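Thanks for coming. I have one structure today, and I will go through the ligand site and then two points about the backbone.

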Amino acid sequence: MNYKIALIRGDGIGPEVVGEAVKVMEAVGEKFGHSFQFVDVLMGGCAIDAVGKSYPDGTAEKCKSCDAVLLGAVGGPKWGHSTNPDKRPETALLSIRKDLGLYANLRPAALRPALADACPLKKETAEKGIDLMMVRELTGGIYFGKRARYQTEDRGEEASDLMAYSQLEIERIGRRAFELARLRRGKVSSVDKANVLETSRLWRQIMHKLAQEYADVEYEDVLVDNAAMQLVRDPGQFDVVVTENMFGDILSDEASMITGSIGLLPSASIGDTAPGLYEPIHGSAPDIAGQDKANPIATILSVAMMFRYSFQLPDEAAAIECAVDAVLAEGWRTADIAKPGETAVGTQKMGELIRAKL
Ligand code: IPM
Ligand code: MG
């Protein structure tokens, strides 16, 4: 098969980590008999510098002509927080999610066997293992609700962000979560704030209906504040965690932190039609950009997710994941995961080591 891949290399360490991931794709292609055509797409801070907007006209169309999108990282302090949305890198991220219909954001947080001692939690907790899949709703809720800023008569200026969720939006993300749970350990934890929010009460009502339909899957409701606590107390209890956009933003950072290695975590954003978008969950790390220091593993594992979820190629995905684990098991580390006294290898060397294992 020949696949056409859009590459949004982006800002900071983005181009370096995407560069290594592309070489891994090519190596997998050679081994399994696939070929790839790459299309560069300009988006983020670099696009502001080049053409004056973070999300240049035609970005979505270019991506839609491809089978999948691989993104490095966008943003950085250089572009600050302009009041002009065209000049904010985040605008591009939110726009591409919406324009490509990427309503389901899958963020696996797993403790890799070779790095169990990087887990910042108690040893007994780490020993139980962590292997959860955060399923975050990505195109609705407060991120996309109506915003306003206005003057009141007696309370000064006021701002408002509306959080709305429809039955359709909740049901489709819920189905994704239950389907994923069937392929994993068969448990869904739905996170909401139904003791306060009306959107959460509708969320819960729909999740309960789905739980009956997927009666083979174990189901529980967890209030978001409790979920934040349980994630550090006993993360091993979670399999699939499904939640709305902003709760998911916050909890997925927490989930990544407890694995001790944010540089290792991939993500997938998918909708009902291609292309899906794959990216590491770490940011653009401008402080180490261009120095061959960044960890390319999260981006390389994002390629594995692309093979699994966009191309239905589980063997190719597993080959990448095994190669990464083998390199880590041999003790190779990039600076972000090296312990004091351990020597670290650079971005390119890490990419090379992983390719050699394929
Ligand atoms: C993420 C990021 C984005 C989000 C920001 C950069 C807009 O934090 O992908 O989690 O909040 O969705
Ligand atoms: Mg976030």
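**Ligand site and backbone**

A polar side-chain atom of Arg97 sits 2.7 Å from an oxygen atom of ligand 1. Before I go on, please note that this is a predicted model.

There are two other pairs to list here. For Tyr143, a polar side-chain atom lies 2.5 Å from an oxygen atom of ligand 1. For Asp249, the distance from a polar side-chain atom to an oxygen atom of ligand 1 is 2.9 Å. As for cover, ligand 1 on its own has 320 Å² of accessible area, and the protein covers 71% of that.

Which residues are around ligand 1? They are Glu90, Leu93, Arg97, Arg107, Arg136, Tyr143 and Asp249. By class, this shell has 5 charged residues and 2 nonpolar ones, with no polar residues. Tyrosine is counted as nonpolar in that division, so please keep this in mind for Tyr143, whose polar side-chain atom I listed a moment ago.

Next, where the shell comes from. Helix H4, residues 89-99, gives the most to it, with 3 residues. Where does ligand 1 lie relative to the two domains? Domain 1 is made of 1-111 and 261-358, and domain 2 is 120-258. Both give residues to the shell, so ligand 1 lies between them. In terms of pockets, ligand 1 sits in the largest one.

Now the backbone. Most peptide bonds are trans, and most residues other than glycine have a negative phi. I have one departure from each to show.

The first concerns the peptide bond from Ala274 to Pro275, which is cis, with omega near 0°. Pro275 is placed in the loop between strand S11, residues 266-270, and strand S12, residues 276-280.

The second concerns Ala285. Ala285 is not a glycine, yet its phi is positive, at about 40°. This residue is in the loop that runs between S12 and helix H10, residues 297-309.

To recap the site: ligand 1 is in the largest pocket, and it lies between domain 1 and domain 2 because both give residues to its shell. I will take questions now.

Notes:
Residues numbered from 1 in each chain as written. Chains lettered and ligands numbered in written order. Predicted model: local features only at pLDDT ≥ 70, side-chain atom pairs only at ≥ 80, totals over all residues. Heavy atoms only, no water. Near = heavy atom within 4 Å. Polar contact = N/O pair within 3.5 Å; in protein donor to acceptor, adjacent residues only side chain to side chain. Areas by Shrake-Rupley, 256 points an atom, 1.4 Å probe, with all protein chains shown as cover. 1 Å grid on protein atoms, 1.4 Å probe; cavity = no way out; pocket = protein on both sides within 12 Å on 5 of 7 lines; lining within 4 Å. Sits in = over half its atoms within 2 Å of the grid points. Helix = DSSP H or I, 4+ residues; strand = E, 2+ residues; numbered from the N terminus. Domains from an automatic or database assignment.
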